Number of protein chains: 2
Amino acid sequence: MPSVTLKDVAKVAGVSYATVSRALSGSPEISEETRRRILKLCKEMGYTPNSVARSMVKRYTNVLGLIVPSLNNPFMSELTGHLEIYARNRGYTLMVCNSSYDYDLQKEVFSLLVSRQVDGIIMIPVGHESYEPLNVLTSQVPTVFISENMKDYPENYVSVNNHRGMQIATEYLYSLGHRDILYFGARSDSKTHQLRLDGYLSSCEKLSIEPHVLRSSYTRSSREVGYAMGGEYFSRPHQETAILCAADMLAIGVMQAAFEAGIRIPKDISLGLRQHLLLRPAPDRPHHREPALPADGHRRGGHAVGADQKPGS
Amino acid sequence: MPSVTLKDVAKVAGVSYATVSRALSGSPEISEETRRRILKLCKEMGYTPNSVARSMVKRYTNVLGLIVPSLNNPFMSELTGHLEIYARNRGYTLMVCNSSYDYDLQKEVFSLLVSRQVDGIIMIPVGHESYEPLNVLTSQVPTVFISENMKDYPENYVSVNNHRGMQIATEYLYSLGHRDILYFGARSDSKTHQLRLDGYLSSCEKLSIEPHVLRSSYTRSSREVGYAMGGEYFSRPHQETAILCAADMLAIGVMQAAFEAGIRIPKDISLGLRQHLLLRPAPDRPHHREPALPADGHRRGGHAVGADQKPGS
DNA sequence: TACGGTACTGTAAACGTTTACACTATTCTA
DNA sequence: TAGAATAGTGTAAACGTTTACAGTACCGTA
């Protein structure tokens with residue numbers, strides 16, 4: 001508990017604490033001999049640099065903030081994991097906050113991270129408001145958004161190409177012989193979902209097939225919503241040979257509904273989602289089958305296409 | 001960027017910065033009038049308290065460190081999410097680090113968090129070594145372990161009752177009529193897996209059924225390992241009516257293998273895993289079926305049992 | 001010998017807070 | 001009315017670093 005500081009080491013070494021600091025920071029203006037002696041002493045005494053004090057004088061913390069709506073969603077949790085490793089390898093530590101899909105909470109944790117003096121914030125925004133009201137916050141610290149989940153565009157964001165991704169998925173199903181493709185989406189006015197739907201619609205037009213769109217009355221693309229929509233859909237007569245889901249969690253819910261309705265994927269119907277297509281043999285083509293999960297763990301490999309897929313990958 | 005400090009506010013307010021600090025910290029030794037005036041001014045000037053400076057003088061940071069092997073595992077990512085919310089509601093911010101199942105990296109990030117001056121560390125330990133070599137680290141900051149993944153016991157840990165959990169699972173399958181229950185586990189000498197296996201074995205003995213244990217030659221309980229084991233198993237003649245998996249990820253891999261082998265769960269075979277049992281109708285009992293995913297999102301509800309289940313929940 | 005340069009080390013201020021202590025003004029008590 | 005108690009505010013030190021600047025000692029050169 002009574003942690004050893006620079007001063008302690010300096011006292012034992014019989015030098016000033018500036019010298020110790022220099023030895024540790026690899027400053028060139030110090031003799032090799034003193035450096036070795038001091039480093040050895042630091043190790044012996046179990047000295048741990050206090051990065052809070054360090055941040056105080058240098059004006060940065062080497063800490064990054066990450067705001068995600070939830071960690072229950074595999075997309076977000078895996079993203080978080082990879083981000084942490086990437087950041088740490090570059091000297092940054094990650095502070096993670098849930099916004100719990102709550103617009104106000106999102107602002108709250110943003111301010112929290114700002115007061116924590118993070119050097120930057122990465123966030124998957126929630127709410128379908130404009131980015132504009134967030135400007136007063138994001139002006140305080142460099143911020144980059146993930147996804148285009150709002151009506152307008154922020155200055156800095158990175159996103160997959162939702163529009164093109166959905167086009168690719170639609171065209172792929174078409175190339176397999178599907179002509180009746182159902183689009184399954186949550187009722188969301190977010191940019192993301194607008195782009196996905198537009199991608200589907202534009203492909204339908206281009207391919208001269210009739211679009212079939214089913215949008216739930218809920219705004220969240222959750223598993224529960226997909227389950228409810230799927231249950232409803234499968235309980236009635238339907239003609240589509242493939243379903244294209246606007247979001248992964250939706251697709252998972254639909255899969256469950258299909259399972260319970262005794263409908264087999266991909267035998268009875270094909271299902272398109274982000275990381276994989278579960279494909280039904282096309283009406284007039286040889287049998288085609290895709291494993292539910294790949295064995296090699298390289299989920300981004302193969303030729304899977306879907307709504308969230310980056311173009312060209 | 002040139003953030004406004006206590007000093008700035010004090011200058012404008014015409015008081016000392018100690019007064020401003022007191023106004024903000026809710027100190028009683030200040031007049032209500034000054035407090036209101038200063039708080040208003042703080043808001044106007046966009047003052048954000050610098051918690052780095054604050055941590056400098058108070059000797060704690062209100063930051064907690066969390067070390068997990070991976071965030072790709074739903075158990076760990078969901079745990080992380082809930083921990084973050086719980087911590088934040090109590091004034092703590094979470095720093096998350098991956099150990100990537102690497103014992104040395106685990107030690108490295110531990111030191112990193114210590115130098116970050118976190119007030120405490122929660123970790124899911126990796127490696128099957130003793131806790132003992134970690135003592136030099138954990139003596140530096142209050143630490144609690146999750147799971148009993150090592151040979152001996154640390155001072156502070158929280159874990160599910162692995163032994164009893166597996167007993168419950170075994171007995172449940174038995175009560176449904178299963179007499180040939182296969183135990184599927186990775187070849188791990190960790191305490192956790194030892195306890196789970198023991199739980200299974202003790203139940204078998206108590207129920208007078210013969211234990212069937214299949215352990216992979218890999219030590220990781222990954223999806224890939226489960227897939228490989230399942231593929232191997234399903235390709236040969238087998239008599240078991242139920243499979244009990246020692247870990248979730250293992251079970252997921254087995255499910256995939258079953259899918260590819262054309263074996264239906266729970267129609268052809270039952271599968272036991274942490275959060276759910278996928279049950280095959282018992283040989284001499286009425287049909288019993290469990291959905292693959294519950295519709296209500298309350299995954300801890302119901303009567304699911306399995307290796308990781310807390311006793312009594 | 002004196003001077004300048006080099007190589008190293010020490011001194012002290014700064015980062016933005018909190019808080020013990022000192023101080024002043026006001027009110028209460030005797 | 002003096003003195004003490006009280007309420008409010010200011011002063012300054014401290015937290016553990018980094019770093020500009022000021023030394024000091026030594027060496028080489030003129």
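**Contacts with DNA and local structure in the predicted model**

In this predicted model, a base nitrogen of DNA strand C is placed 3.4 Å from a polar backbone atom of Ala53(B). A second base nitrogen contact to DNA strand C involves a side chain: a polar atom of Arg22(A) lies 2.7 Å from a base nitrogen of the strand. The backbone of Ser16(A) contributes a polar atom 2.9 Å from a phosphate oxygen of DNA strand C. In total, 27 residues surround DNA strand C, and those that come nearest are Thr19(A), Arg22(A), Arg59(A), Leu6(B) and Ser21(B). Of the atoms of DNA strand C that come within 4 Å of the protein, 65% belong to sugar and phosphate. At least two residues of the surface near this strand come from each of four helices, namely α2 (17–25) and α4 (51–57) of chain A and α2 (17–25) and α4 (51–57) of chain B. Classified by residue type, the surface near DNA strand C comprises 12 nonpolar, 9 polar and 6 charged residues.

DNA strand D is likewise surrounded by 27 residues, of which Leu6(A), Ser21(A), Thr19(B), Arg22(B) and Arg59(B) come nearest. Sugar or phosphate accounts for 64% of the atoms of DNA strand D within 4 Å of the protein, and bases account for the rest. Two threonine side chains of chain B approach the phosphates of this strand. An N or O atom in the side chain of Thr19(B) is 2.5 Å from a phosphate oxygen of DNA strand D, and the corresponding distance for the side chain of Thr34(B) is 3.0 Å. A base oxygen of DNA strand D is 3.3 Å from a polar backbone atom of Val57(B). The elements that supply two or more residues to the surface near DNA strand D are α2 and α4 of chain A and α2 and α4 of chain B. This surface divides into 12 nonpolar, 9 polar and 6 charged residues.

Helix α5 of chain B covers residues 74–88. Its 15 residues should span 21 Å at 1.5 Å a residue, and the end C-alpha atoms are 21 Å apart, so the expected and modelled spans agree. At the start of α5(B), a side-chain oxygen of Asn73(B) reaches to within 2.8 Å of the backbone nitrogen of Phe75(B). The buried residues of the helix are Met76(B), Ser77(B), Glu78(B), Thr80(B), Gly81(B), Leu83(B), Glu84(B), Ala87(B) and Arg88(B). An α-helix has 3.6 residues a turn, so residues three or four places apart point the same way. The buried residues of α5(B) are covered by elements of both chains, including α5 (74–88), β2 (93–98) and α6 (103–115) of chain A and β1 (63–68), β2 (93–98) and β3 (120–123) of chain B.

Ser115(B) belongs to helix α6 (residues 103–115) of chain B. With a relative accessible area of 13%, Ser115(B) is below the 20% limit and is therefore buried. A polar atom of its side chain lies 2.9 Å from the backbone oxygen of Leu112(B). Apart from neighbours within four places in sequence, Ser115(B) is in contact with Thr48(A), Pro49(A), Asn50(A) and Ser51(A).

Over all chains, the structure contains 6 aromatic pairs. In one of them, the ring centres of Tyr233(B) and Phe234(B) are 5.3 Å apart and the planes are at 65 degrees, so the pair is edge-to-face. Tyr233(B) and Phe234(B) are both buried. In chain A, ring pairs link Phe184(A), Tyr233(A) and Phe234(A) into a cluster.

Chain A has 11 helices and 10 strands. Of its 313 residues, 51% are buried. Among contacts in chain A between residues at least 6 apart in sequence, 62% join residues at least 24 apart. Gly14(A) is located in the loop between α1 (6–13) and α2 of chain A. Its relative accessible area is 63%, which is over 50%, so Gly14(A) is exposed. The C-alpha atom of Gly14(A) is separated by 9.9 Å from that of Ile38(A), a residue 24 residues apart from Gly14(A) along the chain.

Technical notes:
Residues are numbered from 1 along each chain as its sequence is written. Chains are lettered from A and ligands numbered from 1 in the order in which they are written. This is a predicted model: local features need pLDDT of at least 70, side-chain atom pairs count only at pLDDT 80 or more; totals for chains, interfaces and linings use all residues. Side-chain values use heavy atoms; hydrogens and water are left out. A residue is near a molecule or strand if one of its heavy atoms lies within 4 Å of it. A polar contact is a pair of N or O atoms within 3.5 Å; within protein, one must be able to donate a hydrogen and the other to accept it, and residues adjacent in sequence count only if both atoms are side-chain atoms. Ala, Val, Leu, Ile, Met, Phe, Trp, Tyr, Cys and Pro count as nonpolar, Asp, Glu, Lys and Arg as charged, and the others, Gly among them, as polar. The expected span of a helix is 1.5 Å times one less than its number of residues. Buried means under 20% relative accessible area, exposed over 50%, partly exposed in between (1.4 Å probe, protein chains only). Contact means heavy atoms within 4.5 Å. Rings of Phe, Tyr and Trp (its six-membered ring) pair if their centres lie within 6.5 Å; planes under 30 degrees apart count as stacked, over 60 as edge-to-face and the rest as tilted.
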